Amino acid sequence: MIFVWILLAHWMGDYGFQTSKMALGKSHHFKWLAYHVLTYTSILLICSLLLFPLEIAIGYLLINSVLHGITDFFTSKLTSKYRETPRIFYIVLGLDQMIHTITLYVTFLNRESLMFF
C-alpha cells in the first residue's frame with residue numbers, strides 16, 4: 001500500500017502540478033526541466049516524509065529526484081522530436097513512465113540502504 005502512495009505522488013508531481021510551460025519547455029531549456037524536477041521533488045518530499053523515517057525519506061527523495069531529472073532530460077527530447085508522430089510519441093512517453101516506475105520501485109525496495117545519515 002505504501003508504494004501506491006508513492007505512485008500517486010509521482011503522478012501528481014509528474015503531471016498534476018506540471019504546467020504547460022514545463023511540459024513543452026523542458027526538452028529545449030534547462031530552466032524548465034529544473035522547474036519540473038523541483039516541482040516533482042516538492043511533491044515527493046511531502047510523500048516521503050509522511051511514509052518514511054527522516055533518514056530514509058531524504059535518501060529516497062534525493063536519488064529519485066536526480067534520476068527523475070536524468071530520465072526526463074533524455075525522454076523529453078525524444079517526445080519533443082516525435083510530437084507529430086503519435087505512435088512513437090506515446091511509445092516514448094510510456095517508456096518514460098516505465099523508467100520512472102522501475103526507479104521508484106527499486107529504490108523503494110532498497111530504501112534502507114539509502115539512509116542519508
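A cavity, on a 1 Å grid over the protein atoms alone, is a set of points where a 1.4 Å probe fits but cannot get out, and lining residues have an atom within 4 Å of a point. Grid points are joined across faces, edges and corners, and a volume is the space filled by probe spheres set on the points.

The model here is predicted, so local features need pLDDT of at least 70 and side-chain atom pairs count only at pLDDT 80 or more, while totals for chains, interfaces and linings use all residues. Residues are numbered from 1 along each chain as its sequence is written, and side-chain values use heavy atoms, with hydrogens and water left out.

**Exercise 1. The enclosed space**

Task: find how much space lies in the largest cavity, and which residues line the largest cavity.

Solution. Step one: searching the whole structure gives one cavity of 30 Å³ or more. Step two: the largest cavity holds about 50 Å³ of space. Step three: its lining consists of Tyr 40, Asn 64, Leu 67, His 68, Thr 71, His 100, Thr 103 and Leu 104. Step four: helix 4 and helix 5 are the elements that give two or more residues to this lining, and helix 4 provides the largest share, four residues. (Helices are DSSP runs of H or I with at least four residues, numbered from the N terminus.) Step five: sorted by class, the lining has three nonpolar, five polar and no charged residues. Here Ala, Val, Leu, Ile, Met, Phe, Trp, Tyr, Cys and Pro count as nonpolar, Asp, Glu, Lys and Arg as charged, and the others, Gly among them, as polar.

**Exercise 2. Helix 4 and its two partners**

Task: work out how helix 4 is oriented to helix 5 and to helix 3.

Solution. Step one: helix 4 and helix 5 pack at about 170 degrees with axes 10 Å apart. Axes are lines fitted to C-alpha atoms, for helices over the stretch in contact, and angles run from 0 to 180 degrees between N-to-C directions. Step two: helix 4 and helix 5 are therefore roughly antiparallel (angles over 145 degrees; under 35 is roughly parallel, 65 to 115 roughly perpendicular, and the rest oblique). Step three: in their contact (heavy atoms within 4.5 Å), helix 4 residues including Asn 64, Leu 67, His 68 and Thr 71 meet helix 5 residues including His 100, Thr 103 and Leu 104. Those residues also appear in the cavity lining. Step four: helix 3 (residues 30-51) packs on helix 4 (residues 54-81) at about 155 degrees, with axes 9 Å apart, and this pair is therefore roughly antiparallel too. Step five: among the residues making the contact are Tyr 40 of helix 3 and His 68 of helix 4; by class there are eleven nonpolar, seven polar and one charged residues.

**Exercise 3. Helix 1 against helix 5**

Task: are helix 1 and helix 5 roughly parallel or oblique to each other?

Solution. Step one: their axes come within 11 Å and cross at roughly 140 degrees. Step two: the two helices are therefore oblique. Step three: the contact includes Phe 3 and His 10 of helix 1, with Leu 93 and His 100 of helix 5. Step four: its residues divide into nine nonpolar, four polar and two charged.

**Exercise 4. The open space**

Task: describe the largest pocket by volume and lining.

Solution. Step one: a pocket is an open set with protein on both sides within 12 Å along at least five of seven lines. Step two: the largest pocket has a volume of about 240 Å³. Step three: of its 15 lining residues, Gln 18, Ala 23, Lys 26, Thr 79 and Leu 93 lie nearest the centre. Step four: helix 1 (2-16), helix 4 and helix 5 (86-109) each supply at least two lining residues.
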